Number of protein chains: 2
Amino acid sequence: MSESIRDKVAVVGVGCTKFGDLYDSTYEDQVCDAAFAAFDDAGLGPDDVDAAYVGTYLPHSQGGKAGISLADPLRLYGKPITRVENFCATGTDAFRNACLSIVSGQHDVVLVVGSEKLKDRPGRGIPRIGHQVLGKGNTAPGLFALAANRYMHEFGVTRSTLAKVAVKNHWNGKRNALSHLRMEVTEEQVLNAPMIAWPFGLFDCCPTTDGAAAAIVCRPEIARKLGKDYALVKGAALAVATGRPYYDPTFDYLGFRSTQAAAKAAYEQAGIAPSDVDLAEVHDCFTWTEITNVEDLGFFPKGEGWKAVEEGKTRVDGSIPINPSGGLKSFGHPIGASGVRMIYECVKQLRGQCGERQVKDPEIALAHNVGGPGAVSCVVVLGGAG
Amino acid sequence: MSESIRDKVAVVGVGCTKFGDLYDSTYEDQVCDAAFAAFDDAGLGPDDVDAAYVGTYLPHSQGGKAGISLADPLRLYGKPITRVENFCATGTDAFRNACLSIVSGQHDVVLVVGSEKLKDRPGRGIPRIGHQVLGKGNTAPGLFALAANRYMHEFGVTRSTLAKVAVKNHWNGKRNALSHLRMEVTEEQVLNAPMIAWPFGLFDCCPTTDGAAAAIVCRPEIARKLGKDYALVKGAALAVATGRPYYDPTFDYLGFRSTQAAAKAAYEQAGIAPSDVDLAEVHDCFTWTEITNVEDLGFFPKGEGWKAVEEGKTRVDGSIPINPSGGLKSFGHPIGASGVRMIYECVKQLRGQCGERQVKDPEIALAHNVGGPGAVSCVVVLGGAG
């Protein structure tokens, strides 16, 4: 039988760039900024790293393909560096594979970097996205909106509830120096913003963002020797569903099976129940996505996640704070970077380093990506070393 | 210190499609053909698989991106499936990560599929390759030719020696029902073929190919229970060098550091010397590449690999048979598939199932990819279960 990953991997350093329109920063700049922030945090350097994983969804003309995406900017030569790609779960899955490589005993210290340049893409991504997705009329807002509409119809939810997710996450993101859209919004602003794909107005959608984040993992005994305030990986699970959920006649449009399966596996590894989670960074690519996520992750029964938003339970001072970082909605969503950025926030929260948006005394934090929509999900559970 | 992977992973099933111009076969068809051949070989089915890895370099409109590349064609739902990309080492690195996931204890049985559609690419790869590479005048033949010319100048080698690599590999490939260019060629034909990039004529270059290959790995105790003729993974190592070797003033253009580093690590894991290897599948994207590879892998000193070709040492009946499958040169090179296809050949050779191209009683087989050129290399060492 498979063994659990629980308490076999420590996160000893995390780093993150400012997220935003980074026209003055190359892909390589971002990688260096995030990785060296993590190195500084861990008290380590590139020479201490045995192996690395890079998560990039859309390669950029400046980087993002193969192991050289990290080897050249960080001078990590002669070492194994694997690129992982898994839609919007790219970052968390790169982290998961780094953890497996530690548990396998093959490596002592492994660097994970998620990085994405989405804003200026000479000759690459945007034309390709255009051909693949926009050319068929299936935009990300449009695809998620199909499910959001069904959910709202089924459970009697209005756009006003969705807007409260944006208000909350922008409140958090305003208190985060690294977030892309570092401003608060009112419910009225969200409701009156230009319509993108009903029910999603502009402020129901996460922005298009450049950025990178990094984490350094090792075995717990190495972390103890380093004498740093590390976090322990309690569970890390990936689940893949169909890439065509909307053609599946058994799909109810109310939640994502990949999240449900990944969460179940991660909780089993961690030996916890959803109620043990003290805060979660979940994939709020759209306001509605956060609502279905908190149900799929088991924090609330299906059809009741929207009530939690109305009741303020998901605020920083609520019973289960969701996206204290500001989330994809305010912090931004450089695809391959987002999962690692969530792990960065979880570790900072577990250490109590988040200032005004700090959750009170958290012991268990969860990071969650879902992409596809619904095709791929990855859940990582982290705990303080205590 | 890092532990060795040696004898901790068994390969219990391998499968491979016909390689070639597969216009009648979709990406999903290829995945199914390769995976079910491996399932049949192992006496297992999709339900027996805990996790999977897919290696694809250039996503195709029919698949190749994220875990759904395997989930939908194979109905592998609710399980972790990671896409790995690492230039021409994509297939071997997907296999390497699958092995790490077994050694980590997280999974019992893991499927690896390498698959690539290069011939018909509606709206994708070719235009993108065009922009990235051809648009700058840097084709793969041109880049490898720069190093080949230097090597030939340094060691006094002529095109006639390079041609003998093609003659040998086509002789092997002619005896392989699955190879793309299943025909023999004469040295005269190779030398008189249209020039592509001096010193490479058409028959010095591997073809552009569609195809897929699959392998199933598990812990050795599970392999023993299955009662099949399995192989053991002795070593699996990846090394990344600079992505810009030709801008590196310390680069001598005579061999690839990534191969040298990956080979050293793989031999250390396996506890063997290069002389212990009984056959090798090496990355002969061009005739010269095979010659530098057999030196970088330690089978011959630098500058003497070309003599081994002249002396027939690398033929199926030679002292170190190289590319008994026919190699990239004759078998074809669907990028992400090639590494897994090499592992397929190694396992078949270790089992003694290769008919006229069978190497006599091999105990250790090696698979090697190099891409970039020279940026990324992966070496896998396999042994019979004895």
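**Exercise 1. The contact between the two domains**

Task: State how many residues of domain 1 of chain A are in contact with how many residues of domain 2 of chain A, and describe the side of domain 1 that takes part.

Solution.

Step 1. In this predicted model, 34 residues of domain 1 of chain A are in contact with 33 residues of domain 2 of chain A.

Step 2. On the side of domain 1, the elements that give two or more residues are β1 (10–16), α3 (90–103), β4 (109–116) and β7 (211–218) of chain A. The largest share, seven residues, comes from α3(A).

Step 3. Sorted by class, this side of domain 1 has 18 nonpolar, 11 polar and five charged residues.

Step 4. As for the division itself, domain 1 of chain A covers 10–124 + 210–226, and domain 2 covers 138–201 + 233–384. Taken over C-alpha atoms, the centres of the two domains are separated by 23 Å.

**Exercise 2. The overall form of chain A**

Task: Determine how many helices and strands chain A has, and why chain A is said to be as compact as a globular protein of its length.

Solution.

Step 1. Chain A contains 13 helices and 11 strands.

Step 2. The radius of gyration of chain A is 19 Å, which is close to the 21 Å given by the globule rule for 386 residues; chain A is therefore as compact as a globular protein of that length.

Step 3. The C-alpha trace of chain A spans about 55 × 45 × 40 Å along its principal axes.

Step 4. Of the 386 residues of chain A, 64% count as buried. Among the contacts in chain A with a separation of 6 or more, 79% are accounted for by residues 24 or more positions apart.

**Exercise 3. The nonpolar core**

Task: Identify the residues with the most contacts inside the largest nonpolar core, and list what B:Ile343 touches.

Solution.

Step 1. The largest nonpolar core has 266 residues, and A:Ile343 and B:Ile343 are those with the most contacts inside it.

Step 2. Leaving aside residues up to four places away in sequence, B:Ile343 touches B:Val11, B:Val14, B:Phe95, B:Ala215, B:Ala367, B:Val380 and B:Leu382.

Step 3. A general remark places this in context: in soluble globular proteins, nonpolar side chains tend to be buried together.

**Exercise 4. The contact between chains A and B**

Task: Describe which elements of chain A supply the side that touches chain B, and how β3(A) pairs with strand β3 of chain B.

Solution.

Step 1. The contact takes 45 residues from chain A and 45 residues from chain B.

Step 2. At least two residues of the side of chain A come from each of α2 (68–74), β3 (81–85), α3, α4 (125–132) and β8 (231–240) of chain A. By class, that side has 19 nonpolar, 15 polar and 11 charged residues.

Step 3. Strand β3 (residues 81–85) of chain B and β3(A) pair in the antiparallel sense, over three bridges. One of the residues involved is A:Glu85, whose bridge partner in β3(B) is B:Arg83.

**Exercise 5. Strand β11 of chain A and its neighbours in pairing**

Task: Establish whether β11 of chain A is mostly covered or mostly uncovered, and with which strands β11(A) pairs.

Solution.

Step 1. Strand β11 (residues 376–384) of chain A is mostly covered, with eight of its nine residues buried.

Step 2. β8(A) and β11(A) run antiparallel and are joined by nine bridges; within this pairing, A:Cys378 is the bridge partner of A:Leu238.

Step 3. Strand β10 (residues 364–371) of chain A also pairs with β11(A) in the antiparallel sense, over eight bridges. Here A:Ser377 is the bridge partner of A:Val370.

Step 4. β10(A) and β11(A) form a hairpin with four residues between them, and A:Gly372 in the turn has a positive phi of about 135 degrees. The peptide bond from A:Gly372 to A:Pro373 is cis, with omega near -5 degrees.

**Exercise 6. Exposure of selected residues**

Task: Decide whether A:Tyr23, B:Asp7 and B:Arg75 are exposed or partly exposed.

Solution.

Step 1. The cut-offs are 12 or fewer C-beta atoms within 10 Å for an exposed residue and 20 or more for a buried one, with partly exposed in between.

Step 2. A:Tyr23, in the loop between β1 and α1 (27–42) of chain A, counts as exposed because it has 10 C-beta neighbours inside 10 Å.

Step 3. B:Asp7 lies in the segment before β1 (10–16) of chain B. With 14 C-beta neighbours inside 10 Å, B:Asp7 counts as partly exposed. Its phi is near 65 degrees, a positive value in a residue other than glycine.

Step 4. B:Arg75, in the loop between α2 (68–74) and β3 of chain B, has 10 C-beta neighbours inside 10 Å and so counts as exposed. Phi of B:Arg75 is near 55 degrees, again positive in a residue other than glycine.

Notes
Residues numbered from 1 in each chain as written. Chains lettered and ligands numbered in written order. Predicted model: local features only at pLDDT ≥ 70, side-chain atom pairs only at ≥ 80, totals over all residues. Domains from an automatic or database assignment. Contact = placed C-beta atoms within 7 Å. Nonpolar A, V, L, I, M, F, W, Y, C, P; charged D, E, K, R; others polar. Core = buried A, V, L, I, M, F, W, Y, C linked by C-beta atoms within 7 Å. Rg over C-alpha atoms; globule rule 2.2 N^0.38 Å. Pairing = 2+ DSSP bridges.
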